[in-house]
Amino acid sequence: MTDLTYQIAALKQGEHLCSVYETTNEMMTQAVPYLQQGLLSGERCIYVADENTNETVLLYLKNGGIDADEAVNAGNLILWNHHDYKPAGLFDRKVMYDFVQGNVQRAIEQGFSGLRVAVEMTWAPSAGVTLQDLVGWESLLNRLSYPGSKASFICMYNRSLLPSALIREALYVHPVVILGHQVCPNLFYQPPEIALENKSDDEKLVWMVAQIKRTDLAEKALLQKTNALEHKNAELERFAYAASHDLREPLRQVESYVRLIEKRYKGRLDADANDFINFAVMGVDRMNKLIRSTLTYARVGLCPSIFESVDCEDLLSHVLEGLKRAIIENSAQIIRNPLPRVIGIPVLLSQVFQNLVQNAIKYHGDAQPLVQISCERRRGEWLFSVQDNGVGIDPLYHQKIFEIFQRLDSLDETSGSGIGLAICRKALEQHGGKIWVDSQVGKGATFYFTVPFSPAIETLNPNQSALDS
């Protein structure tokens, strides 16, 4: 999954998006995850092709991981051209609005959660739609498509085929814009009451000044909340560390007496007493593990943010050396592809690699563990992956596993504290990166994580050619 996929998935149903692109590949990089999210959400999806053929669109959808033929046969995905999208005759905004609104209503009546439409906007000028009519139509869509509504649209504008003036005016009436691999809130967005009604220049100026003030106040308020939240988080991390550290001493005392009771009286009392002793011992062990895990998690936040050049090849070698016993005992095969130098905090990156490789070996299922570690360069960041052939993870749990003390229900009580992946996420957030998983039950798992790219050390990477190939 790409970062753009996650950004699109985070949008609410009913967004009215504008896509600006220059090539077909760039457009489809934006359109495919948009439609994929709609299909996953139970929406009826319509693609309106104009500069591309339906066959070309189908090919891109299939290459993007969508079972397009099945979706079309089931009526979940419909491919139109602009003749299907625009009613016959002269362009009329009200007729068009009623037509689209009717399709939204039919989708809901047929059991879909909503309607999602992707439109190649080159149809408009070729159909004789004026700039004023086009902007008016796009603005009118905001009364049908807004966060929380049942209608979602992405209107795709080709910079190579459409005039800059047209795209500029169209941008004004879209609340959200996709540029490249980034979903961007539109600071220049004009609501329908500004774009559609004949406001005077004075009224428009008053609105613009109000927007500027509102934006400035919102940014200041957000900065204050962010600073306060960071302060509270730091306090909580210090408290968690201190509390966990202080809890260890009384727990040691409890543990020593529980062990003493187990040593002296186990087997000399009745069966119930033996069970009670076992439960007490297990409880102490579990509490010890949780306290140690809490300390480890708190240390990640308290770790000094001293960034330096890190050779990930050397770092991984040290990690694998520490996991040597687990690798030998499980006959694990580790495949290493070239890794770069990055700017980071060595101890935290080491924890990320250690937890991911250790989990890949630990949850291997019946097969001999096979772990493959790779990295590739993306825009502004390194994308690392740790792939295994293990038991896999149900997509329902893909988010849960990164939360502190959250473990899969299928794992037994002795398997761990549910802290390792939470540490990975926290460590990578300190680097400005993120982590996610792509997995199915029984089909292994691939954990991806990113670390921002630093041009200053690019020439220091001896594996650069291999990574960029």
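Both Arg 378 and Glu 381 are buried. Their side chains meet in a salt bridge, with N and O 2.2 Å apart. This pair belongs to a predicted model, and the report below describes its overall make-up, its charged pairs, its nonpolar cores and several individual residues.

## The chain as a whole

The protein chain contains 17 helices and 14 strands. Of its 469 residues, 42% are buried. Among contacts with a separation of 6 or more, 73% join residues that are 24 or more positions apart. The chain exposes about 25,100 Å², and carbon and sulfur atoms supply 54% of that area.

## Salt bridges

Side chains of opposite charge can pair when their charged atoms come close. The count for this model comes to 10 salt bridges. Three of them are listed here.

| Salt bridge | N to O distance |
|---|---|
| Arg 378 and Glu 381 | 2.2 Å |
| Arg 336 and Glu 313 | 3.0 Å |
| Asp 311 and Arg 341 | 3.9 Å |

The bridge between Asp 311 and Arg 341 links distant parts of the chain, since Asp 311 is in strand S8 (residues 308–311) and Arg 341 is in strand S10 (residues 341–344), 30 residues apart. Asp 311 counts as buried because its relative accessibility is 18%, and the limit for a buried residue is under 20%. Arg 341, with a relative accessible area of 25%, is partly exposed.

The side chains of Arg 336 and Glu 313 also meet in a salt bridge. Arg 336 lies in strand S9 and Glu 313 in helix H13, so this pair ties together parts that are 23 residues apart in sequence. Arg 336 has 32% relative accessibility and therefore counts as partly exposed.

## Nonpolar cores

In soluble globular proteins, nonpolar side chains tend to be buried together. In this model, the largest nonpolar core has 40 residues, of which Phe 353, Leu 356, Phe 384, Phe 447 and Phe 449 touch the most other members. Two or more residues come from each of helices H13 (312–322), H15 (346–362) and H16 (420–430), and from each of strands S11 (370–378), S12 (381–388), S13 (435–439) and S14 (445–452). Helix H15 gives the most to this core, with eight residues.

What does Leu 356 touch, not counting residues up to four places away in sequence? Leu 356 touches Val 386, Leu 421, Cys 424, Ile 435, Phe 447 and Phe 449. Apart from the largest core lies another core, of 34 residues, including Met 96, Val 104, Trp 137 and Ala 170.

## Helix H2 and strand S1

Helix H2 (residues 24–40) has 17 residues, and at 1.5 Å a residue it should span 24 Å; its end C-alpha atoms are 24 Å apart, which agrees. The expected span is reached by multiplying 1.5 Å by one less than the number of residues. Buried residues of H2 include Met 27, Gln 30, Ala 31, Tyr 34 and Leu 35. Just after H2, Gly 42 takes a positive phi of about 80°.

Ser 19 has its place in strand S1 (residues 16–21). Its relative accessibility is 0%, so Ser 19 counts as buried. Leaving aside neighbours within four places in sequence, Ser 19 is in contact with Gln 30, Ile 154, Cys 155, Met 156, Tyr 157 and Ile 178. Gln 30, one of these contacts, is also among the buried residues of H2.

## Two loop residues

Asn 186 is found in the loop between strand S7 (182–185) and helix H10 (192–195). Is Asn 186 buried or exposed? At 16% relative accessibility, Asn 186 counts as buried. Asn 186 and His 174 are 12 residues apart in sequence, and their C-alpha atoms are 7.1 Å apart in space. Beyond residues up to four places away in sequence, Asn 186 touches Leu 171, Tyr 172, His 174, Pro 175, Val 176 and Val 177.

Most residues other than glycine have a negative phi, and most peptide bonds are trans. Ser 331 is not a glycine, although it has a positive phi of about 50°. Ser 331 lies in the loop between helix H14 (324–329) and strand S9 (333–336), and it counts as partly exposed because its relative accessibility is 43%.

## A nonpolar surface patch

Ile 261, Tyr 265 and Leu 269 form a nonpolar patch on the surface, and together they have about 270 Å² of accessible area. Ile 261 is found in helix H11 (residues 201–265). With 41% relative accessibility, Ile 261 counts as partly exposed.

Methods:
Residues are numbered from 1 along each chain as its sequence is written. This is a predicted model: local features need pLDDT of at least 70, side-chain atom pairs count only at pLDDT 80 or more; totals for chains, interfaces and linings use all residues. Side-chain values use heavy atoms; hydrogens and water are left out. A nonpolar core is a set of buried Ala, Val, Leu, Ile, Met, Phe, Trp, Tyr and Cys residues joined through side-chain atoms within 4.5 Å. Buried means under 20% relative accessible area, exposed over 50%, partly exposed in between (1.4 Å probe, protein chains only). Helices (H or I, at least four residues) and strands (E, at least two) are DSSP runs, numbered from the N terminus. Contact means heavy atoms within 4.5 Å. Patches are made of residues with over 30% relative accessible area and no salt bridge: like charges are joined within 9 Å, nonpolar side chains (Val, Leu, Ile, Met, Phe, Trp, Tyr) within 5 Å. Accessible areas come from the Shrake-Rupley method with a 1.4 Å probe; for residues, only the protein chains shown count as cover. A salt bridge is a side-chain nitrogen of Lys or Arg within 4 Å of a carboxyl oxygen of Asp or Glu.
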